[in-house]
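Me: I would like to go through this structure with you, a few points at a time. Please look at it first, and then we can begin.

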Amino acid sequence: MTNALFSPVTASFITALANDVGAENVSTAPAERRLHARDMSAHQEYLAEVVVWPHTAEQVAAVLRLANEAGVPVTAWGVGSSLEGNPVPVHGGVVLSLARMNGITAVHADDFQVTVQPGLPYKDLNRQLAPLGLFFAPDPGANATIGGMLANNAAGIRTVKYGASKDNVLRLQVALADGRLIQVGSRSVKQASGYDLLHLFVGSEGTLGVITEATLKLWPIPELMSAVVASFETVAAAVETVVLVRGSGLEPAALEFIDATHARLLSQAEGVDLGDQPALFMEFHAAHQATLQMGLDTVQEICRSMGAVRFRATTDPTERRRLWHARHAAYEIALRAHPQQKFMILDVAVPISAFPAMVAHIEATLDAHALTGYMVGHAGDGNLHVLLPFGDEASYRVATAVNEAVVLQAIELGGTATGEHGVGFGKARFMTREHGPALDVMRVIKQTLDPNGILNPGKIFSL
Ligand code: LAC
Ligand code: ZN
């Protein structure tokens, strides 16, 4: 997409970039540009004109200063695992990859904190932290980078207990459009000092600044973990159980819902027996066996009272890992099952009490369009996805209409257009409806921090 607001990347601009970050960290090769043109969704791809790989915060700041002066757009890139086109360079310009800033800067084990560079994938971080008995809790599934997770406020399966990315960060260093480097937040867990700029940058999708360093909260790896799968005759019984389990005060570490079509699909693909009925996956963490057992007994009682047809609890690590692997890979498994098709991935969230109504609305909408969709959701926090296969222009239009109906219903129920995948360009058209005049306030903030609009243009607001 070309835009009169932006300048093209020129030979002298490339030379200046190479001066700032080193010629070996700048590429205009078509292959590199193609590798940074699309995310993991089916959203359209756009090519940047140049890809750069800075190694330091100062280099990130220098690239932004240069681009700001030249009027060239800059889109930050972690690993491209997002699902709403969030890091796709829709206006061309520079893709600023954080891939080479992927180290741990400092471990503050006694404070349960770690300071990292933004390009470090969270699974790699957790592998390195494991010997210390600590982990970073948000787990979006794909091996997203810390910077990308914070920029999009990614969440995942364990959010119900440990919170989303925004709840697990204390301090950021951010490069602004004009090349300033600022610190926001602090290493203190309690913070009451001035405006909460930390959380302004979290979820801003690279439109207000580029995260160059982050201090994260860590949790002790739980002593004991159990996994539970419970199947129900009806979707309604399964989702009502979700509300009861939350209400019991048990604090599940995960409380996931899958519908019958998805249960069948995952069972075939992963060799885990999930039956062919709507099911809940749960995980419980505890420091003592007795606490864990008491929790499991309560959960079993709740599930039975809701007419569960199967209930299986396990503390066996291999079985637990297989089960969660099947859940984490739900999207990839659906993709493999429909090799000729693409998927639209819905992502809405509602207050937990409205979750049954949200699910019922989705079922009715899919039925009305005679569509198969795979429902899967972080039910414990009211977050729901539908994976909708489409093959041609006509089925794409139907999927788009279903997405729209579901988003509008989520907003109607007091929820939001996106629980965890962010806005990108996929959800931009719903922002006015969701936020009303608050969207104008967001625009003012954007204008203040990025007056030339060079940072990830075309996201959140509109193309
Ligand atoms: C999941 C991704 C799609 O929950 O967010 O599997
Ligand atoms: Zn999800």
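**Strand pairing, zinc site and pockets**

Reply: In this predicted model, Arg 171 stands opposite Thr 215 in β10.

Me: How many bridges join β8 to strand β10, and do they run parallel or antiparallel?

Reply: The two strands are joined by 6 bridges and run antiparallel, with β10 covering residues 210-217.

Me: Which residue in β9 is the bridge partner of Leu 172?

Reply: Leu 172 is paired with Val 184 there. Strand β9 (residues 181-185) is joined to β8 by 5 bridges, again in an antiparallel arrangement.

Me: What do β8 and β9 form, and which residue in the turn has a positive phi?

Reply: They form a hairpin with 5 residues between the strands, and Gly 179 in the turn has a positive phi of about 95°.

Me: How many residues of strand β8 are buried?

Reply: For β8 (residues 169-175), 7 of its 7 residues are buried.

Me: Changing topic: which residues coordinate the zinc ion (ligand 2)?

Reply: The donors are His 378 (NE2), His 385 (NE2) and Glu 420 (OE), at 1.9 to 2.1 Å. Along the chain they follow the spacing H-x6-H-x34-E.

Me: Where do His 378 and Glu 420 sit?

Reply: His 378 is in strand β18 (residues 374-378), whereas Glu 420 is in the loop between α14 (393-412) and α15. The pair is 42 residues apart and links distant parts of the chain.

Me: Are His 378 and Glu 420 buried or exposed?

Reply: Both His 378 and Glu 420 are buried.

Me: On to pockets. What volume has the largest pocket?

Reply: The volume of the largest pocket is about 870 Å³. It is lined by 30 residues, and the closest to its centre are Asn 126, Arg 158, Arg 320, Arg 321 and His 328.

Me: Which element gives the largest share of that lining?

Reply: That is α11, with 6 residues. The elements that give two or more residues are α4 (122-129), β12 (224-231), β14 (279-286) and α11 (317-328). By class, the lining of the largest pocket has 15 nonpolar, 6 polar and 9 charged residues.

Me: And the second largest pocket: what is its volume?

Reply: The second largest pocket has a volume of about 750 Å³. Its lining has 33 residues, with Asn 152, Asn 153, Val 202, Gly 203 and Thr 418 nearest its centre.

Me: How do the residues of that lining divide into nonpolar, polar and charged?

Reply: The lining of the second largest pocket has 11 nonpolar, 16 polar and 6 charged residues. Its largest share, 3 residues, comes from α15.

Technical notes:
Residues are numbered from 1 along each chain as its sequence is written. Chains are lettered from A and ligands numbered from 1 in the order in which they are written. This is a predicted model: local features need pLDDT of at least 70, side-chain atom pairs count only at pLDDT 80 or more; totals for chains, interfaces and linings use all residues. Side-chain values use heavy atoms; hydrogens and water are left out. On a 1 Å grid over the protein atoms alone, a cavity is a set of points where a 1.4 Å probe fits but cannot get out, and a pocket is an open set with protein on both sides within 12 Å along at least five of seven lines; lining residues have an atom within 4 Å of a point. Grid points are joined across faces, edges and corners, and a volume is the space filled by probe spheres set on the points. Helices (H or I, at least four residues) and strands (E, at least two) are DSSP runs, numbered from the N terminus. Ala, Val, Leu, Ile, Met, Phe, Trp, Tyr, Cys and Pro count as nonpolar, Asp, Glu, Lys and Arg as charged, and the others, Gly among them, as polar. Donors are N, O and S atoms within 2.8 Å of the metal (3.2 Å for Na, K and Ca); water is not among the atoms, so sites may look incomplete. Buried means under 20% relative accessible area, exposed over 50%, partly exposed in between (1.4 Å probe, protein chains only). Two strands pair if DSSP finds at least two bridges between them.
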